[in-house]
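Q: I have a structure open and want to read it feature by feature. Where do I start?

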Amino acid sequence: MFNKSNDASPNRYFCTNGYGMEQFVVDEVTRKLAAHDIERLQGKVLFSSSAHINLVKELKSAERLFLLMKRDSPLQLSAPANPARVASVLKSTLIGDLQQWTSAEMTWRRLQGVVADKENESEAEEQRTMEEEVFEEENGSDFQIMKKRRKMDCGDEYVDTGGDFIAGKHDRGKTAPGANRHSSVPFSFRISCKCSGSVSRHLSVQEVSKVLGTSLSGQLGWKVDLRNPQIEITVYLRDDYCLLGIPLTRLPLANRCYIKTTGLRSTVAWAMAELAQIQSGSLVLDPMCGMGTILIEAAQEHKLAGFLGLDIDDRQLDKASENVAFAELGDRIHLLKASTTNIPIPNASVDAVVCDLPFGRKFGTKTDMAASLPLILAEMERVLRVGGSLVLLLSPQLSCLLKKLLTQPQTRTEDSANKQGAQEITSTPTQGEEPPMGLMTEPRPPLSSLEHQATLRLSLGTIDGLLHKYIKTQN
Ligand SMILES: C[S@@+](CC[C@H](N)C(=O)[O-])C[C@H]1O[C@@H](n2cnc3c(N)ncnc32)[C@H](O)[C@@H]1O
């Protein structure tokens, strides 16, 4: 997996990630990029690696990737802020040594150009062929045309503008033609700044951009270009650190070129597949697959495993089926209309179950998930083989209920159940014994075979989700 780049000296990167995903990023950069000097911040991971830039751009757990320019302690600003002092602190902290900026420019150009020369010829040829195919198929199905356009977009990163170059509309994987040659054209840039905490009370984004912009153009001859710059210098100013970087791709890494319609965040879907520890030859089930994002992320990563997705909603299954076809994974991902309360497969027949239960506005459902959870869990547990993993993404509320279900004994008092809705627990009668008066036996699943491994809280954008992992320990 780990390929050295043409240049063996490591580059220092950072990537952003959704809250809670940091450990997945740390593990992925360590495993795939042999990364070292890893620093984990909330929502970001800094690392050094000599891996080829194309491998770095293939990270699945990260949202955006940057070349790290500077990581410093927080700005020392005191209230009330004097504008001259603010400008001086900004310059000394953020600009610092100019040599650092010129060498960052060279590194960026080298990274952008490292694969360009080798790929330019074949890329141009491939582009021509795809354009011809699109043209020829204009009377064919929209899907075929869109699929080809999407494929072109995946590789269409930078547009050569004759010596200078600008970022194109889709920029995963390939780089600017001739970008490795140090251009005599001034480097064009704009600044994107995010201030948070008390820093945002002392400083405006405009102030930071003005001070940085004036310094870089005055001292380095770089050219401010707000509309179409070569680079966007990204600045994070927080109470605990300052971070400056240059994005290495225009679109987030999290935008997958192989997914047509996005369901669950691709990074989270990938993380769920990671937690499931899928092996070659494994059969993986997503019994509420929606648009199939988890299955697609898992199948992209695990080329020798098979996947089955179930859903009760025809529209979701249609989208999943389009997504699977789009990703060209139809030979390994199979879809079926079925309810997770009655999974149509034999006991102990799958190696892993991964499931993102409906919650939130996007995927809310009319079904009462809380009421169905015991049966859903029982079915998942039934089809899982001993030793297999169960990975669930749930709302915080369902997560509490899940924990209760998996820790409580299997009987409850009729009285308390009537009063409190199946929450109050008493004792469990011994086998063969009639339950005492007031106790009723539930058609409760044998969930005790599920051994808890981990619970993680993750940001899903506007809401949080809880990721649980269990291993089935017995039949
Ligand atoms: C949160 S969504 C899954 C989203 C999916 N991970 C994706 O990325 O597109 C939950 C899915 O569960 C499905 N669902 C709800 N109740 C179900 C049931 N009883 N059996 C099977 N699927 C069900 C819904 O139709 C919905 O597609």
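A: Start at the ligand, and keep in mind that this is a predicted model. A nitrogen atom of the ligand sits 3.2 Å from an N or O atom in the side chain of Ser 339. The protein covers 95% of the 600 Å² of accessible area that the ligand has on its own.

Q: Which ligand atom pairs with Thr 293, and which with Leu 264?

A: Oxygen, in both cases. An oxygen atom of the ligand lies 2.6 Å from an N or O atom in the Thr 293 side chain. At Leu 264 the partner is a polar backbone atom, 2.8 Å from a ligand oxygen.

Q: How many residues are around the ligand, and which come nearest?

A: There are 21 residues around the ligand. Leu 264, Met 291, Thr 293, Asp 311 and Asp 356 come nearest.

Q: How does the shell around the ligand divide by class?

A: The shell has eleven nonpolar, seven polar and three charged residues.

Q: Now the helices. What describes two packed helices?

A: Two values do: the angle between the axes and the distance between them. Take H4 (residues 98–113) and H8 (residues 205–220). They pack at about 85°, with axes 11 Å apart. H4 and H8 are therefore roughly perpendicular to each other.

Q: Which residues make that contact of H4 and H8?

A: H4 brings Leu 98, Trp 101 and Thr 102, while H8 brings Leu 216, Gln 219 and Leu 220. By class, the contact of H4 with H8 has four nonpolar, two polar and no charged residues.

Q: At what angle do H1 and H9 cross?

A: H1 (residues 22–33) and H9 (residues 266–275) cross at roughly 70°, and their axes come within 11 Å. Angles of 65 to 115 degrees count as roughly perpendicular, so H1 is roughly perpendicular to H9. Phe 24, Glu 28, Arg 31 and Lys 32 of H1 meet Trp 270, Ala 271, Glu 274 and Leu 275 of H9. This contact of H1 with H9 has four nonpolar, no polar and four charged residues.

How values were computed. Residues are numbered from 1 along each chain as its sequence is written. This is a predicted model: local features need pLDDT of at least 70, side-chain atom pairs count only at pLDDT 80 or more; totals for chains, interfaces and linings use all residues. Side-chain values use heavy atoms; hydrogens and water are left out. Axes are lines fitted to C-alpha atoms, for helices over the stretch in contact, and angles run from 0 to 180 degrees between N-to-C directions. Helices (H or I, at least four residues) and strands (E, at least two) are DSSP runs, numbered from the N terminus. Angles under 35 degrees count as roughly parallel, over 145 as roughly antiparallel, 65 to 115 as roughly perpendicular and the rest as oblique. Contact means heavy atoms within 4.5 Å. Ala, Val, Leu, Ile, Met, Phe, Trp, Tyr, Cys and Pro count as nonpolar, Asp, Glu, Lys and Arg as charged, and the others, Gly among them, as polar. A residue is near a molecule or strand if one of its heavy atoms lies within 4 Å of it. A polar contact is a pair of N or O atoms within 3.5 Å; within protein, one must be able to donate a hydrogen and the other to accept it, and residues adjacent in sequence count only if both atoms are side-chain atoms. Accessible areas come from the Shrake-Rupley method with a 1.4 Å probe; for residues, only the protein chains shown count as cover.
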